[in-house]
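Work through the exercises below with the sequence and the structure open. Try each task before reading its solution.

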Amino acid sequence: MTTLARPVARRFTPTLTIAGAGVAMGLAYTLSPLAVLSLAVIATVAGAASEGLSAGERRWFWFLLCTATLLRLIAVAGLFLTADPSQPFASFFGDEELYKFRTVWIRNLGQDIPISPADVIYSFDDVGRTEHLFALALVQALVGDAPYGLHMLSVAVYMCGVLLLYRFMRPAFGGVVALGGLAGLMFIPSLAIWSMSVLKEPMNVLVLAAELLCAVYVVRAPLWWQKVLAAAGVASFGLAMDSLRGGGLVTAIGGTVAGVAGAWLVARGRRVLVALMLAPFVLAALVSMPPVQERLLANLRETAFHHAGHVVTAGYTYELINPRYYPNRVQILRSMPADDLARYFIAAIWSYFVQPVPWAASRPVRAYLPEQIAWYGMVLLLPFGVLAGLRRDRTLTVMLVTHAAAAVVVVALTSGNVGTLIRHRSLVLLYLIWLSAIGAHDCIRRMLARRVTLTTLHPRGAELTGGREEGSRADGDR
Amino acid sequence: MAIVDAQGRLFGRFNLLDAVVLALVAGLLPLSLAAYSLFREHPVRLVSVTPTHVPQAEDLRVSVTGENLRPFMRVSAGSQQGLDFIFKSTREAEIPFQNLPPGEYDIILYDQAQERARLPKALIVGPGPFPSTQMIAVGAFGNLDAEKAQKLTAGLSLSGLGEVIQTGAPAPDRTPVFAGLSRVAVQVPNALQVPAIVRLRCGVRALQGRPDCVIRDAALAPNLLLLLPTPFGDAPFLVDQVRSIEPLEQIEMQVRFSGDPAILSLIRPGDADRAGTANELVAGAVIVTVGPLRRISETVSERQATVRGDLQRAPGGWLYDSSPLRAGSFLPMRTPRYILQGLVTELPAATVSGATTR
């Protein structure tokens, strides 16, 4: 063995690390270019989102984000490694295959690559057709087939949406609330699973976040042209939401219009009082007008008809209307009376929040129970969150409430299948989780403040409660 | 002894850097081999198809052999997609086809994304025991707007199914539909219909022994509603009359009508039988001259008439509305005012060439 080489220094040099990282990245890029590019996007956006955070907050931020990303990477890698070799690729959900196959077919048709005659027909089938398919086809035209990379792209898109909301909520509601919301959106199981899926949900999250920002700027922008630009943003993102899922435009426009009105009302206490006094009369007057009444009843009949359609689908379902309507759904459109419709409306909103009930005799529902309990907790915290939110940032809180309300009504009235309800409800969490987080934060702060007061007034209170003076720390988190 | 000594040697024998490089090379080799065997593409190849020559049949099954076949693959014969891909092994699969028309086909193998292999002109489908043929259908294209009605002209190709031979004047659309056993003419608002004679390709099929000429899974017959491919999309075509492709000849014959004097007195020159339809293009018969009413008894009279009919020459004689017509046959006369049957008393022999053809 030659001895011409100089003795190796004892101190570890970064050269080997850089070389190792380069080799690892090269290997990873060879396996899945899209996954590496997606990780680069996540790192860049996360870096931008962590700007200006305090040291402690930054530590938590990166811990949450790295853990979330790592868990998702492990899940996607596990999917790849456990794939059935007799199939072209593996997927988390059956519906994903539609996206993976169709996007490649569309890409191939665009590039004049011959595909099977049957696939030409399926490529443009109306069932499941969204503009998202064309976006994914374009991505695969750039990076090649990416049946697993698309999962990481979804993760990147989802995280971009969540980080956008995080940066927006932090100055308004404080670092703790923002981190709480971020943790919820990253780790609530159903959201975590959707975030990895090659479905339209991750893209929906990004578009929803962007639309909410524009809606807030319609109120908050100082110059009129900025307001117009923000309104155009609301319309554009609303259309994008609608192209992904029906009712998106209604949620965007309805939520923004109601939000602007709500923000104007809550700006002065007297306006709220006057509005509360006038609202019953205005509502009564509107409902008593025959054209409005007819329109309202017709729309409700149509949503009830859709609901009845969901009830006959496979899986665990729940009923909102009289059982005699389900065997012959056309009756709903023809002859469902107003009192039945009113009962249906109330049942729909109630069921939206309580379904699936914990005692439901269904194994998948029982498996979902922990998250359902967490959902109940979040819903119970909402009133506290709204009150605390109005104290901290009225416009943003009102916008969150109105957007959530619009999304709740659209989904609640048409749902009937628990699986679909949970899937659609997860999108409303994007709005509600911040209010729940601020509600939880406010409740804990008040509890701790009461302990401090007890300790100050009654020194023995400290022994009784085992209290530590944490209230002041909680107060100072903004 | 120190693991790495003062000279940087491992166990006092190897230079540490050399050892690292050696370990790296030794480690990379199996890693590369493992990666190669795991991620190596297994190119798909088609080797053969059996049988290579088959007669046309409703259901057809071919077997392909190749390399690295996978269960999710598909096969097409030209643009005709196989119904299934019955995977037997990585070297063999079976593909069923339905109604593959006669012709020479490339056998093409696809994976989930695109075409992967092709055997050019590997499958020849010959004519089946039942032939393909052509028929003349007279009817009307419906549900048209003025622009589409204008585009329907003689010579228009019907995308491989046939062609338009003659068209009539557009009229408001009235499509007869079945209401129980009777037929009801349904008005289609703001739509036009165009009478037309079309030549259609159809295949003879014998379902349960009954021979039919089938086009798009439907046996060609009067009252059939077909969707025919036109340059502006599929257009509904309601068939009024079907006949063979032999030309029509206008032949004059003598016909004696007998019956109620009141009804016989309604016969006038120019009255036409259009096979019970209102379609001007349907082959029929026209009264040329009509003789005086001759009373046979109190309630029965007779009238002699010269009738010019659109007849087709057939080996056994003349055909009128696809039925044999000879002296002694009854000729129906269905007009908007009356319906009668006349006895053909005099008809030129079918071997004599006719006057005009259409």
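**Exercise 1.** Which residue of β11(B) does B:Gly103 stand opposite?

Solution. This is a predicted model, in which local features need pLDDT of at least 70, side-chain atom pairs count only at pLDDT 80 or more, and totals for chains, interfaces and linings use all residues. Residues are numbered from 1 along each chain as its sequence is written, while chains are lettered from A and ligands numbered from 1 in the order in which they are written.
Step 1: find β11(B), a strand covering residues 115-126 of chain B (strands are DSSP runs of E, at least two residues, and helices runs of H or I, at least four, numbered from the N terminus).
Step 2: β10(B) and β11(B) pair (DSSP finds at least two bridges between paired strands) in the antiparallel sense over seven bridges.
Step 3: the partner of B:Gly103 is B:Val125.

**Exercise 2.** Find where the cis peptide bond from B:Thr50 to B:Pro51 lies.

Solution. Step 1: omega of this bond is near -10°.
Step 2: B:Pro51 belongs to the loop between β3 (45-50) and β4 (53-55) of chain B.

**Exercise 3.** Is A:Asp112 buried or exposed?

Solution. Step 1: locate A:Asp112 in the loop between α4 (94-110) and α5 (117-123) of chain A.
Step 2: A:Asp112 counts as exposed because it has 6 C-beta neighbours inside 10 Å (buried: 20 or more other C-beta atoms within 10 Å; exposed: 12 or fewer; partly exposed: in between; C-beta atoms are placed from the backbone).
Step 3: the phi of A:Asp112 is positive, near 60°.
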